[in-house]
Amino acid sequence: MSGGEVAGLLVAVFWAILVSFLAVVLVRLAQTLKAATKLVSGVTEQAVPLLGEASATVRSAQSQLDRVDAIAADVQEVTANASALSSTVSTAFGGPLVKVAAFGYGVRRALGRGTEPPKSTVVVAGGLPSARRARRRRGAGKD
């Protein structure tokens with residue numbers, strides 16, 4: 001065999017090994033693509049019902065939030081009404097009740113229950129220590 005024939009034979013063997021390697025890679029790639037296709041179809045089959053359930057849950061939550069909003073508005077209205085009622089009652093009965101209490105106090109005083117003024121002791125700031133000092137001075141001058 002000549003050198004050219006050996007080189008051609010080596011190139012042919014190299015190409016045969018390369019083609020065989022590429023064929024194995026393509027077969028494995030095809031198997032991987034089939035498995036990925038099955039996986040995606042399985043996920044799709046399970047995701048569609050889950051999305052439907054999630055959509056129903058979101059609709060239900062929105063409905064509940066609308067109800068809560070309505071309840072909160074009603075509570076706010078009741079609070080405002082209670083505040084207005086409290087102001088009205090205070091205005092309507094506050095003045096007359098004060099007058100009745102003052103009248104009762106006046107009647108008690110007139111009947112003699114409170115004729116004597118209450119006895120109270122008023123202490124002027126600084127008054128007591130200076131009185132003690134004055135007594136000390138008087139006592140010291142007698143010696």
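The bend at a residue is the angle between axes fitted to the seven residues ending there and the seven starting there.

**View 1. The kink in helix α1 of the predicted model.** This is a predicted model, in which local features need pLDDT of at least 70, side-chain atom pairs count only at pLDDT 80 or more, and totals for chains, interfaces and linings use all residues. Residues are numbered from 1 along each chain as its sequence is written, and side-chain values use heavy atoms, with hydrogens and water left out. At F93 in α1, shortly before the proline P96, lies a kink of about 35°. The chain has two helices and zero strands (DSSP runs numbered from the N terminus, H or I of at least four residues for helices and E of at least two for strands).

**View 2. The residue following α1.** Just after α1, G112 adopts a positive phi of about 105°.

**View 3. The aromatic pair of F14 and W15.** One aromatic pair is found when the whole structure is searched (ring centres of Phe, Tyr and Trp, the last by its six-membered ring, within 6.5 Å; planes under 30 degrees apart are stacked, over 60 edge-to-face, the rest tilted). The pair is edge-to-face because the rings of F14 and W15 have their planes at 70°, with centres 6.1 Å apart. F14 is exposed, its relative accessible area being 52%, whereas V11, which is placed in helix α1 (residues 3–110), is partly exposed at 45% (buried is under 20%, exposed over 50%, partly exposed in between, with a 1.4 Å probe and protein chains only).
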